[in-house]
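Biologist: Please examine one part of this model closely, and set out how that part fits with its surroundings. I should like a single connected account rather than a list.

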Amino acid sequence: MSVKAIVSTVGAERLPASVRTLSSLSRIDYADHFVLPTDAAATVERWARVMFGDTPDAIELFLWRGLMGLRLSRTVSADTVAGWQIAEQDDEWIRLEATSWFLAANLVVQATGDSVALGTFLRYDRWLAHLVWPPLSVLHRRLVPGVLRKAASRIAAGKV
């Protein structure tokens, strides 16, 4: 498996329109996009499931449900990834959606023959989102490269 440096972009205005349009949010208050060049190959849904699993782990539950208040499905389903609803997908991307009482979130996984990418999009619906997400975003941006690398390694090794 060939793995190169991850390229990241933060800020909706800095993302290419082709990436921004994959979000279903009416307004984007936060966006980032991380791209890992890799020759590991899988369907885009497989990439999403390897990154996040069928159910959220304890840390994801704490962050997503506890701190962000996201309403995630509690059952394993073909329609969800780690509790996030699969809202839309095609051959090269899948969009996962979740909401809380104070924000709406999209995770977009893209997979092509030479890279995998993860985009995060948030809409702040209440003032609390402006307080909660900025400090969490620092942790988020530190964790995403590891999520991508680990998924690429697992896919390349056939451990999925």
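Modeller: Leu36 stands opposite Val116 in strand 7. Strand 2 and strand 7 run antiparallel to each other and pair over eight bridges (pairing requires at least two DSSP bridges; strands are DSSP E runs of at least two residues and helices H or I runs of at least four, numbered from the N terminus). The model is predicted, with local features needing pLDDT of at least 70 and side-chain atom pairs pLDDT 80 or more, while totals for chains, interfaces and linings use all residues. Residues are numbered from 1 along each chain as its sequence is written, and side-chain values use heavy atoms, without hydrogens and water.

This pair belongs to an open sheet of seven strands, ordered 1-2-7-6-5-4-3 with antiparallel pairing. Strand 1 (7–10) and strand 3 (80–81) form its edges; each has a single partner strand, so one side of each lacks a neighbour in the sheet. Helix 2 packs on the sheet, where strand 3, strand 4, strand 5, strand 6 and strand 7 are touched by the helix (contact: heavy atoms within 4.5 Å). The direction of helix 2 makes about 120° with that of strand 6 (axes are fitted to C-alpha atoms, for helices over the stretch in contact, with angles from 0 to 180 degrees between N-to-C directions). Helix 4 lies across strand 1, strand 2, strand 6 and strand 7, and runs at about 10° to strand 2.

Helix 2 itself is mostly covered, with seven of its nine residues buried (under 20% relative accessible area; exposed is over 50%, partly exposed in between; 1.4 Å probe, protein chains only). These buried residues are Val44, Trp47, Ala48, Arg49, Val50, Met51 and Phe52. After helix 2 comes Gly53, which has a positive phi near 80°.

Two residues of helix 2, Trp47 and Phe52, are among those with the most contacts inside the largest nonpolar core, as are Trp64, Leu70, Trp84, Val109 and Leu148; this core has 42 residues (buried Ala, Val, Leu, Ile, Met, Phe, Trp, Tyr and Cys joined through side-chain atoms within 4.5 Å). Elements giving two or more residues to this core include strand 2 (30–37), helix 2 (44–52), strand 7 (115–124) and helix 4 (127–156). Helix 4 supplies the largest share, nine residues. Another core, of 10 residues, lies apart from this one and includes Ala12, Ala31, Trp93 and Phe121. In the largest core, Trp84 touches residues including Trp64, Leu70, Leu72, Leu96 and Leu107, with residues up to four places away in sequence not counted.

Charged side chains complete the picture. The structure holds six salt bridges (a Lys or Arg side-chain nitrogen within 4 Å of an Asp or Glu carboxyl oxygen). Arg49 of helix 2 is buried at 13% relative accessibility, and its side chain meets that of Asp54 in a salt bridge at 2.7 Å, N to O. Asp54 is partly exposed, at 36%. Elsewhere, Glu88 forms a salt bridge with Arg95 at 3.0 Å between the closest N and O atoms. Glu88 is partly exposed at 40%. The side chain of Arg95 also meets that of Glu97, at 2.8 Å, N to O. Arg95 is buried at 7%, whereas Glu97 is partly exposed at 26%. Glu45, Arg49 and Asp54 are joined into one network by salt bridges that share partners.
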